[in-house]
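Subject: Structure for your review

Hello,

Please find the structure below. My notes on it follow, grouped by topic.

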Amino acid sequence: MDERVVTVAAVETVGPDTVAIDVETPDGFEALPGQFVLVRATVDGEELSRYYTLSSPDVDGTFELTVGVDPDGDISPWLADLDAGAELAIEGPFGNVKYDDEGDVVVVAGGPGIGPAVAIAERAVDHGHDATVLYQDDGPAHTDRLDELAGAGASVHVFDDDADDELGDAIGEHGDDGTVFVFGFADFCELATDALAAAGLDADEAKVESFG
């Protein structure tokens with residue numbers, strides 16, 4: 001993919017140690033919720049790159065990246081300190097896990113997986129489909145958007161990090177309510193697919209994006 005330079009439109013805190021970065025959509029850039037881009041930056045003379053998944057339901061005018069900020073990290077604190085008008089180099093979009101308005105969705109998110117989860121759920125609701133969000137995090141992000149989703153009729157459930165059993169039960173209960181998407185770190189993705197299998201559902205049908 002060719003590298004593009006994009007302009008930051010806004011940076012907003014959306015949860016504990018979490019920011020959302022809105023960037024202006026460059027000409028010809030097309031992406032769907034669930035896909036991701038590679039962000040390149042030079043920080044203190046070091047060339048760095050990280051993948052970030054889109055957290056906006058579309059790319060009309062601008063699109064959003066949700067970034068978990070590790071105070072001891074290299075690129076995330078730098079990204080969190082950007083101001084409107086700053087420029088970023090990106091490549092992409094990448095990824096085959098994406099939502100293209102095909103029907104009802106069940107989005108299972110752990111930690112940073114909430115970004116693509118809210119994007120997919122919002123797009124589904126906007127297109128008249130049902131959406132269920134099952135989200136596990138002790139310090140939830142995008143709570144305003146989750147509240148708006150619930151107000152629009154989506155089924156939203158937030159679980160603490162130590163509530164694996166409750167999350168698994170909810171996955172089993174809702175796993176047949178639509179196309180299942182799973183976003184999170186590898187252990188979380190395994191928990192989600194195991195819960196689907198335990199409920200007698202086909203875990204191989206789930207669209208899973210592991211963050212490593």
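Strand 2 (residues 18-24) is a convenient place to start: five of its seven residues are buried, so the strand is largely enclosed by the rest of the structure. Please keep in mind throughout that this is a predicted model.

The sheet

Strand 2 pairs with strand 1 (residues 4-15) in the antiparallel sense, over six bridges. One of the bridge partners across this pairing is Val19, which stands against Thr13. The hairpin of strand 1 and strand 2 has two residues between the strands, and Asp17 there takes a positive phi near 50°. Strand 2 is also joined to strand 5 (residues 62-68), again antiparallel, by seven bridges. Here Val19 appears once more, standing opposite Val67 of strand 5.

These pairings belong to an open sheet of six strands, in the order 4-3-6-1-2-5 and with antiparallel pairing. The edges are strand 4 and strand 5; each has a single partner strand, so one side of each is left without a neighbour in the sheet. From one strand to the next the twist averages 40°. Towards the strand 4 edge, strand 3 (residues 36-43) pairs with strand 4 in the antiparallel sense over eight bridges. Val43 has Glu46 in strand 4 as its bridge partner.

Aromatic pairs

How many aromatic pairs does the structure hold? There are seven. In one of them, the ring centres of Tyr51 and Phe94 are 6.2 Å apart and the planes are at 85°; angles over 60 degrees count as edge-to-face, so this pair falls in that class. Tyr51 sits in strand 4 (residues 46-53) and Phe94 in strand 6 (residues 87-94), so the pair links parts of the chain 43 residues apart. Tyr51 counts as exposed, at 54% relative accessibility, whereas Phe94 is partly exposed, with a relative accessible area of 24%.

Tyr99 and Phe181 make another edge-to-face pair, with 6.2 Å from centre to centre and 80° between the planes. Tyr99 is in the loop between strand 6 and strand 7 (105-110), while Phe181 is in strand 10 (residues 179-184), so the pair ties together parts that are 82 residues apart in sequence. Both Tyr99 and Phe181 are buried.

Tyr51 and Phe94 also belong to an aromatic cluster, together with Phe36.

Pockets

The largest pocket has a volume of about 450 Å³. Its lining has 18 residues, and those closest to the centre are Tyr51, Tyr52, Thr53, Pro112 and Phe211. Tyr51 therefore has a place both in the aromatic cluster and in this lining. Strand 4, strand 5, helix 2 (114-126) and strand 11 (207-210) are the elements that give two or more residues to the lining of the largest pocket. Strand 4 provides the largest share, four residues. By class, the lining of the largest pocket has nine nonpolar, seven polar and two charged residues.

The second largest pocket has a volume of about 210 Å³. It is lined by 14 residues, of which Thr18, Gly68, Gly111, Pro112 and Asp137 are the closest to its centre. Pro112 is thus named among the closest residues for the largest pocket and for the second largest pocket. Which element gives the most to the lining of the second largest pocket? Strand 5 does, with three residues. The classes in the lining of the second largest pocket are seven nonpolar, five polar and two charged.

Backbone points to check

The peptide bond from Gly92 to Pro93 is cis, with omega near 15°. Pro93 lies in strand 6.

Asp101 has a positive phi, near 65°, in a residue other than glycine. Its place is the loop between strand 6 and strand 7, and Asp101 is partly exposed, with a relative accessible area of 23%.

His142 also has a positive phi, near 55°, and is likewise a residue other than glycine. His142 is found in the loop between strand 8 (131-136) and helix 3 (143-151). Is His142 buried or exposed? At 4% relative accessibility, His142 counts as buried.

Regards

Note on methods: Residues are numbered from 1 along each chain as its sequence is written. This is a predicted model: local features need pLDDT of at least 70, side-chain atom pairs count only at pLDDT 80 or more; totals for chains, interfaces and linings use all residues. Side-chain values use heavy atoms; hydrogens and water are left out. Rings of Phe, Tyr and Trp (its six-membered ring) pair if their centres lie within 6.5 Å; planes under 30 degrees apart count as stacked, over 60 as edge-to-face and the rest as tilted. Buried means under 20% relative accessible area, exposed over 50%, partly exposed in between (1.4 Å probe, protein chains only). Two strands pair if DSSP finds at least two bridges between them. On a 1 Å grid over the protein atoms alone, a cavity is a set of points where a 1.4 Å probe fits but cannot get out, and a pocket is an open set with protein on both sides within 12 Å along at least five of seven lines; lining residues have an atom within 4 Å of a point. Grid points are joined across faces, edges and corners, and a volume is the space filled by probe spheres set on the points. Ala, Val, Leu, Ile, Met, Phe, Trp, Tyr, Cys and Pro count as nonpolar, Asp, Glu, Lys and Arg as charged, and the others, Gly among them, as polar. Axes are lines fitted to C-alpha atoms, for helices over the stretch in contact, and angles run from 0 to 180 degrees between N-to-C directions.
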